[in-house]
Amino acid sequence: MMKTLEIAVAGCGPAGLAKALLLHRDGHRVTLFERFDAPRPVGSGLMIQPTGFAVLQQLGLADTLLALGARVDRLHGEAGSSGRIVLDVRYRALGKKAGFGVGVHRATLFTILLERVVAAGIAIETGCLVTGSESLSDGRRRLLIEGERSVGPFDLVVDALGTRTQLAPPCGRELAYGALWGTLDWPDDGGFDRAALEQRYRQASVMAGVLPLGRLPGGTREQAAFFWSLRTDRLEDRRAAGLDAWKAQVVDLWPAMRALLDEIVSPDQLTFARYAHRTLRTPAKRGMIHVGDAWHSASPQLGQGGNMALLDAYALAMALRMAPDVPSALALAVGMRQRHVELYQFLTALFTPVYQSDGLLLPFIRDRLVGPMSKLWPATRIQAAMVSGLIGNPLRPLGLAESTISHEH
Ligand SMILES: Cc1cc2nc3c(=O)[nH]c(=O)nc-3n(C[C@H](O)[C@H](O)[C@H](O)COP(=O)(O)OP(=O)(O)OC[C@H]3O[C@@H](n4cnc5c(N)ncnc54)[C@H](O)[C@@H]3O)c2cc1C
């Protein structure tokens, strides 16, 4: 067994909070550092897949997640108002291994994790903008904080600062398309499926989606995440055109949206999310490891980022339990995750232009060929495995049994 380590976790997102919980549980002394004065979630909804769910089960949080979130059994997409089905993914296509997705508001996932962190008495230093780190001759590291402060030394620094981390050199590229996101009340008679992520596309340049989110902590009304893809360089034009012109465009694509859009009375109810595609070549160096979006981020097309962050967190905790020292633990943790990370970064890069780009050929093939073919076996099964995050068997090296994600939960 390795001695008790002094560990700094930078960032209070899903990766950082899960990481802090797992390391604290193993007896290490953990301090979280967060730029916000009070830790808070950013953004709207996300989907927890069977992979992320398996980690939350290990943390004893799966039941709370299910009680608040919305169980999602299928993903459904249609081309424009033609009614042509071009995306039809059902988790049950995985047969015995079938699981489900859980749509949640980020605030829900965040609150569930944060409450557990606070209950465990893990230290959180807020209002700390991390600007870098400094490696010491004995292998330990100090964290540099804005205002010429430095804290530590720590046996290990975990970088969970997200896509725009200041603990790693910039890499990758910003994507041309982002999306407007809003959190709205679930329209009870709006013609949406409570157990599905539904999307509508026009070519690849227009995409709208509705994801059920369940309830916010303390809330009583069920919520929906609404998203509308948009080129970053067209954001200003859209703002200038005004809310009504934009609503007309959405309803033209998807008439059932009218009920949801009535809830949007101000542009402030929508947040624009920018996406980047990046993967660090070296996810660990002396006394520091990058996890979650700090290691790898992508467009949320396959909806894996939060789930991969949870898997990264679990892998590091496990490696620290197995390895004799910090350098070997970091190598082991990266080894447990690298193949899966590279595979999903590749798949996301492959699929993003099919749903978010200016091209015409890819959406044409998608609508006429891939859509119909994808309803046939074995495509049904491959798609379900891909969306579940299970391609490449990421749970096996982590000792997380697939039986724990039973369909009958
Ligand atoms: C619109 C959108 C939809 C998505 N949908 C899905 C989905 O359906 N399923 C899915 O799995 N993933 C989804 N993702 C991706 C997912 O949200 C991310 O992969 C996940 O949040 C990564 O977690 P993280 O903890 O690594 O980073 P983050 O969530 O980015 O957390 C980073 C934390 O670090 C803090 N921080 C940042 N910089 C500093 C600094 N310098 N000093 C101190 N603190 C700092 C931030 O305030 C934040 O608390 C989506 C992403 C977006 C943008």
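**Two helices and a ligand**

The axes of helix α2 (residues 50–58) and α8 come within 8 Å and cross at roughly 45 degrees in this predicted model.

Visitor: Is α2 parallel or oblique to α8?
Guide: Let's start from the angle, which is roughly 45 degrees between the two axes. Angles under 35 degrees count as roughly parallel, and 65 to 115 as roughly perpendicular, with the rest oblique apart from those over 145. Therefore α2 is, relative to α8, oblique.

Visitor: Is the crossing of α2 and α8 left-handed or right-handed?
Guide: Here we look at the sense of the turn as one helix passes the other. For α2 passing α8, the crossing is left-handed.

Visitor: Which helices and strands each supply at least two residues of the shell around the ligand?
Guide: Helix α8 (305–322) is one of them. Helix α1 (14–25) and strand β3 (45–48) do so too. The full answer is α1, β3 and α8.

Visitor: How many residues of the shell around the ligand are nonpolar?
Guide: Let's sort the shell by class. Four residues are charged and 11 are polar. The nonpolar residues number 15.

Visitor: Which residue has a polar side-chain atom 2.9 Å from an oxygen atom of the ligand?
Guide: A15 also lies 2.9 Å from a ligand oxygen atom, but through a polar backbone atom. With G303, a polar backbone atom is 3.1 Å from a nitrogen atom of the ligand. The residue that uses a polar side-chain atom at 2.9 Å from a ligand oxygen is R35.

Visitor: What share of the ligand's accessible area does the protein cover?
Guide: On its own, the ligand has 1000 Å² of accessible area. Of that, the protein covers 88%.

Methods
Residues numbered from 1 in each chain as written. Predicted model: local features only at pLDDT ≥ 70, side-chain atom pairs only at ≥ 80, totals over all residues. Heavy atoms only, no water. Polar contact = N/O pair within 3.5 Å; in protein donor to acceptor, adjacent residues only side chain to side chain. Areas by Shrake-Rupley, 256 points an atom, 1.4 Å probe, with all protein chains shown as cover. Helix = DSSP H or I, 4+ residues; strand = E, 2+ residues; numbered from the N terminus. Nonpolar A, V, L, I, M, F, W, Y, C, P; charged D, E, K, R; others polar. Axes fitted to C-alpha atoms, helices over the stretch in contact; angles between N-to-C directions. Left-handed = near helix turned anticlockwise from the far one by under 90°.
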